[in-house]
Amino acid sequence: MNRLLLLMFLLFASATPSLAFQIGPATPAAGHGEVAVGTGYWFYQAEWEAIDVEQHRAYLHVGYGLGMLDEPRWELFLRGGAADLEDDSGEFDADFEPFVAGGLKGAFYEGRHFGWGMVLQGAYFSGFTSGDIDVDEQWEIEFALPFQARLGPVLLYAGPLVYHAEADASNGFGPETKMEEDNNLG
């Protein structure tokens, strides 16, 4: 246990703050054998190959609770929605296009006030076009080990995160360029 706490401290101390696609707490919204439905919005900011990008993501979340009644809960989920994409210069500003995401989240331990678990999720975005520039094959994958504390109705969470995001960009005049998100640890 002491080694695990030391490892977690080192990860927190060496990692940069990051925001992934709304990782959230490890505790699922769906109970055992139940379906949870909700909506969400996420404002994404990142740096891809020294280009600052922003994306508004609105989605519908559907999750199904897995596991046995006497064990911590797990949830398999699917998200579908629409996202736009723009760069900081204003030269690329694409309209909303569909995307899909899915994943698994759950608690390794879920006590009355403390818990920790895992979240694994991935997303795929349809292509974006602005002027002569096309951004296709945008996808991302995220893995987190959130720790959480329950203080009455409030659930606070934080933890290490590893993620990767990339897309292909082309302008029709030259070869396609693969763009990857910088700073993939948080």
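Here is a short chat about how the labels on this predicted model are earned.

Visitor: What should I keep in mind before we start?
Guide: This is a predicted model, where local features need pLDDT of at least 70, side-chain atom pairs count only at pLDDT 80 or more, and totals for chains, interfaces and linings use all residues. Residues are numbered from 1 along each chain as its sequence is written, and side-chain values use heavy atoms, with hydrogens and water left out.

Visitor: How do you know which parts the predictor trusts?
Guide: Look at pLDDT, the predictor's confidence in each residue, from 0 to 100. The protein chain averages 84, and 89% of the residues score at least 70. Among its elements, strand 3 (residues 74-87) has the highest mean, 95, and helix 1 (residues 2-14) the lowest, 44. Over residues 4-21 the pLDDT is below 50, though this stretch has 30 contacts in the model beyond near neighbours in sequence; a contact means heavy atoms within 4.5 Å. Where pLDDT is low, don't read the predicted coordinates in detail.

Visitor: What makes a stretch a helix or a strand here?
Guide: Both are DSSP runs, numbered from the N terminus: helices are H or I with at least four residues, strands are E with at least two. The protein chain comes to 1 helix and 11 strands.

Visitor: Why is the pair Phe99 and Phe125 called stacked?
Guide: A pair of aromatic rings is described by the distance of the centres and the angle of the planes. Rings of Phe, Tyr and Trp (its six-membered ring) pair if their centres lie within 6.5 Å; planes under 30 degrees apart count as stacked, over 60 as edge-to-face and the rest as tilted. By this rule there are 6 aromatic pairs. Phe99 and Phe125 have 5.0 Å between centres and 25° between planes, so they pair, and stacked is the word. This pair links distant parts of the chain, with Phe99 in strand 4 (residues 93-110) and Phe125 in strand 5 (residues 114-125), 26 residues apart.

Visitor: Why does Phe99 count as buried?
Guide: Buried means under 20% relative accessible area, exposed over 50%, and partly exposed in between (1.4 Å probe, protein chains only). Phe99 has 5%, so it's buried. Phe125, at 0%, counts as buried too.

Visitor: What makes Tyr109 and Phe114 tilted?
Guide: Their centres are 6.4 Å apart, with 40° between the planes. That angle is neither under 30 nor over 60 degrees, so the pair is tilted. Tyr109 is partly exposed at 43%, and Phe114 is partly exposed at 42%. Both belong to one aromatic cluster with Trp74, Phe108, Trp116 and Phe147.

Visitor: Where does Phe147 lie, and is it buried or exposed?
Guide: Phe147 lies in strand 8 (residues 147-151). Its relative accessible area is 18%, under the 20% limit, so Phe147 is buried.

Visitor: How do you know that the charged end of Arg57 sits over the ring of Tyr44?
Guide: The rule asks for NZ of Lys or CZ of Arg within 6 Å of the ring centre and within 35 degrees of the ring normal. The charged end of Arg57 is 4.2 Å from the centre of the Tyr44 ring, and it does count as sitting over that ring.

Visitor: What joins the side chains of Glu140 and Arg57?
Guide: A polar contact of 3.0 Å. The term means a pair of N or O atoms within 3.5 Å; within protein, one must be able to donate a hydrogen and the other to accept it, and residues adjacent in sequence count only if both atoms are side-chain atoms. Glu140 is in strand 7 (residues 133-144) and, at 4% relative accessibility, counts as buried.
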